[in-house]
Amino acid sequence: MKMFFVLLAALLPFSAHALDRFVVISDSHGVGQFGMSLVQWLTDRDDTAYEFYASGGTAPINWLNGKWKSDRVWMANSVTPPNGPQHYTTTVNPSFETLWNQQGPRAEGERRISVIVQGTNLHYVNAARYKKTEITQMKKLIQVAYAHSELCYWIGPPEMKKAGYTAPAEALWVSMIQTAIAEAATESKRAPCEFRDSRPPVTHFPAISATHQDQVHYH
């Protein structure tokens, strides 16, 4: 995971702000070692408040409508930081907008940062049919980030080995994310949400073994 921490460190350099407040949304990659590492990084970071919400199976649409129910949900925040192993739950995840609204009034000197970990659950069957719709949904998610935060980071999907999730699909999804980021920035006249590619050399998919059978997740 050494290179992963390089990815995290690259997200945000030292800040002179009184407080950096993060809202992080993730798919099932956040419900495991990737999420634990990210939350630990946030917990260890000085002058940082955060709300972390990972919900398995989510695509951007699920963070817009707040109707997705998953049995692989892990939540953490800086008020009650995690202490010990993760405990998953089954619940309906809120929308990205709701999570930001729950942060309350901005404190003096506070900087707000959005981190979006999405891209694994886009359509890989008939991708061309859904491409335009999914780019539109991603743009709307970025618009929420623009409305509530000064900085936005999008962490793309990892290298995967499962049929349908391999290099061609990953490349397509990354291209779609980058298109959505560019279009949202142009339409909003804002700096682009910064894309972070989590594929090699930043992270490497673990060797396939009896304990790594799903061939999708880092863990």
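Is Thr120 buried or exposed? In this predicted model, Thr120 has a relative accessible area of 4% and therefore counts as buried, the cut-off being under 20%. The report first describes the fold and then returns to this residue.

## Overall composition

The secondary structure of the chain amounts to six helices and seven strands. Along the sequence, these elements follow the pattern α-β-α-β-α-β-β-α-β-α-β-α-β. The chain has 219 residues, of which 51% count as buried. Its exposed surface is about 10,500 Å², and carbon and sulfur atoms supply 55% of that area. Among contacts between residues at least 6 apart in sequence, 75% join residues at least 24 apart.

## The sheet

The seven strands form an open sheet with mixed pairing, in the order S4-S3-S2-S1-S5-S6-S7. Strand S4 (89–92) and strand S7 (194–196) stand at the edges; each has a single partner strand, so one side of each is left without a neighbour in the sheet. From one strand to the next, the twist averages 25°.

In general, strands of a sheet pair through backbone hydrogen bonds, either parallel or antiparallel. Both senses occur among the pairs tabulated here.

| Strand pair | Sense | Bridges | Example of opposed residues |
|---|---|---|---|
| S1 (residues 19–26) and S2 (residues 48–55) | parallel | seven | Val23 and Glu51 |
| S2 and S3 | antiparallel | five | Ser55 and Val73 |
| S3 and S4 | antiparallel | three | Lys69 and Val92 |

## Helices against the sheet

Helix H2 (residues 33–44) lies across S1, S2, strand S3 (69–77), strand S5 (110–117) and strand S6 (151–155). The direction of H2 is at about 170° to S2. Helix H6 (residues 167–188) lies across S6 and S7, and runs at about 165° to S7.

## Nonpolar cores

The largest nonpolar core contains 33 residues, and Phe96, Met138, Ile142 and Trp154 touch the most other members. The elements that give two or more residues to this core are S1, helix H4 (96–101), helix H5 (127–148), S6 and H6. H6 gives the most, with nine residues. Helix H6 thus has two roles in this description, as a helix lying across S6 and S7 and as the element that gives the most to the largest core.

The surroundings of Ile142 illustrate how this core is assembled. Not counting residues up to four places away in sequence, Ile142 touches Trp154, Ala180, Ile181, Ala184 and Cys193. A second, separate core has 19 residues, including Val31, Phe34, Val39 and Phe52.

## The setting of Thr120

Where in the chain does Thr120 lie? Thr120 is located in the loop between S5 and H5. Its side chain is joined to that of His29 by a polar contact of 2.9 Å. His29 is also one of the residues in contact with Thr120 when neighbours within four places in sequence are left aside. The others on that list are Asp27, Pro157, Pro158, Met160, Tyr165, Trp173 and Val216. Thr120 is thus a buried residue, with a relative accessible area of 4%, in a loop, and its side chain makes a polar contact with the side chain of His29.

Notes: Residues numbered from 1 in each chain as written. Predicted model: local features only at pLDDT ≥ 70, side-chain atom pairs only at ≥ 80, totals over all residues. Heavy atoms only, no water. Pairing = 2+ DSSP bridges. Helix = DSSP H or I, 4+ residues; strand = E, 2+ residues; numbered from the N terminus. Axes fitted to C-alpha atoms, helices over the stretch in contact; angles between N-to-C directions. Contact = heavy atoms within 4.5 Å. Core = buried A, V, L, I, M, F, W, Y, C linked by side-chain atoms within 4.5 Å. Buried < 20%, exposed > 50% of the residue type's maximum accessible area, 1.4 Å probe, protein only. Areas by Shrake-Rupley, 256 points an atom, 1.4 Å probe, with all protein chains shown as cover. Polar contact = N/O pair within 3.5 Å; in protein donor to acceptor, adjacent residues only side chain to side chain.
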